[in-house]
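Here are my notes on the model you sent round. Please read them with the structure open.

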Amino acid sequence: MQLSTKHLLGIKDLTREDISLILSTATQFKEVLQRSVKKVPSLRDVTIVNLFYENSTRTRISFELAEKRLGADTINFSASASSVTKGETLLDTVNNILSMKVDMVVLRHSASGAPHFLAKHIPAAIINAGDGINEHPTQALLDALSIQEKLGSLEGKKIVLVGDIMHSRVALSNIYLLNKMGAEVMVAGPPTLIPKYIKEALNVKVEYDIKKALAWCDVANVLRIQLERQNQVLFSSLREYNLAFGISKKLLDSLKKEIVIMHPGPINRGVEIDSDVADCNQSIILQQVENGVAVRMAALYLLAGNKTNG
Ligand code: CP
């Protein structure tokens, strides 16, 4: 089976079959990652550049590990340590790198649409590793794999995305994916951090009362407040945000059921999530990170074998 697309720019462009294929391939790669020799030579003749114009810990390391586990040659690029600081454009930078016989590009950029722009101008396959406030497709895929492992399937499961929905590429990719896979999706948080027409535009429930949202869901995916993307004051203080919308142990214990706690990271402990929740038995935050390697192996493997698709 093949993906219907040459690039992985966003979950919006994927079919339900594409998503199922990536998740089932990731499950097979997870099995490889349990072995003493955690490598397969599937991408032995492929060279991949990881182009990071924005900081990252999880995404960058897991792409690099995924590439190494597949036997690819890997180049890591940080904009801050490159000729970007001398004024070189994104397209010039990428064309120069591709002229050195690089086959695939993994791109993180603060500008929404940067990977979509590149895809129109270069021949190489592109994976979006997070573009501004638009999408973070591999994060949504690893979140989906983590939910599937914990609850058996996505179909009919109730997932609430909590917090800064307005500025979150993780939220948008999760909403697209969960809707396509038949889950029920709610967004919860302060009205100033939830886009006005999201209910109609993206087919999600909206809840401003965090306790009601948690009582409704099977899974709460808690999001970081993206202060670096906010150019106006959208809530009074981090302390007050924590009191009104932070996930505390007391709040969890007040529910009449046990829900699954997720977070894409990085965590701001004591703001959107308290330490005793992030580290409790209901939290699968580190399983999400573990699944990131297998999901990125699957995306790289499937796209590398898909050079002919438009
Ligand atoms: N979840 C996520 O994208 O984390 P990083 O910014 O550390 O890659």
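The points below go from the whole chain to three single residues.

1. Status. This is a predicted model. Please keep that in mind for every value below.

2. Secondary structure and overall form. The protein has 12 helices and nine strands. Its radius of gyration is 19 Å, close to the 19 Å that the globule rule gives for 310 residues, so the protein is as compact as a globular protein of that length. Along the principal axes, the C-alpha atoms fill a box of roughly 55 × 45 × 35 Å.

3. Burial and surface. How many of the residues count as buried? Of the 310 residues, 56% do. The exposed area comes to about 13700 Å². Carbon and sulfur atoms supply 52% of that area.

4. Contacts along the chain. Take the contacts with a separation of 6 or more. Residues 24 or more positions apart account for 74% of them.

5. Charge. There are 36 positive and 32 negative side chains. The centres of the two sets lie 1 Å apart.

6. His-7. This residue sits in the segment before α1, the helix that spans 16–33. Is His-7 buried or exposed? The relative accessible area is 12%, under the 20% cut-off, so His-7 is buried. A polar atom of the His-7 side chain lies 3.0 Å from the backbone nitrogen of Ile-126. Beyond residues up to four places away in sequence, His-7 touches Ala-119, Ala-124, Ala-125, Ile-126 and Leu-303. Met-104 is 97 residues from His-7 in sequence, yet their C-alpha atoms are 9.6 Å apart.

7. Thr-47. Strand β1 covers residues 47–52 and includes Thr-47. Why does Thr-47 count as buried? Its relative accessibility is 16%, and buried means under 20%. Leaving aside neighbours within four places in sequence, Thr-47 is in contact with Asp-73 and Ile-75 and also with Lys-101, Val-102, Asp-103 and Met-104. Met-104 is thus named twice in this note: as a contact of Thr-47, and in the C-alpha distance from His-7.

8. Asn-221. This residue belongs to strand β8, residues 219–222. Asn-221 is buried because its relative accessible area is 1%, under the 20% limit. Which residue does the Asn-221 side chain join through a polar contact of 3.3 Å? The partner is the side chain of Asp-143. The two residues are 78 residues apart along the chain, and their C-alpha atoms are separated by 8.8 Å. With neighbours within four places in sequence left aside, Asn-221 is in contact with Asp-143. Its other contacts are Val-160, Leu-161, Val-162, Asn-174, Met-262, His-263 and Pro-264.

Key
Residues numbered from 1 in each chain as written. Predicted model: local features only at pLDDT ≥ 70, side-chain atom pairs only at ≥ 80, totals over all residues. Heavy atoms only, no water. Helix = DSSP H or I, 4+ residues; strand = E, 2+ residues; numbered from the N terminus. Rg over C-alpha atoms; globule rule 2.2 N^0.38 Å. Buried < 20%, exposed > 50% of the residue type's maximum accessible area, 1.4 Å probe, protein only. Contact = heavy atoms within 4.5 Å. Areas by Shrake-Rupley, 256 points an atom, 1.4 Å probe, with all protein chains shown as cover. Lys, Arg positive; Asp, Glu negative; His and termini not counted. Charge placed at Lys NZ, Arg CZ, Asp CG, Glu CD. Polar contact = N/O pair within 3.5 Å; in protein donor to acceptor, adjacent residues only side chain to side chain.
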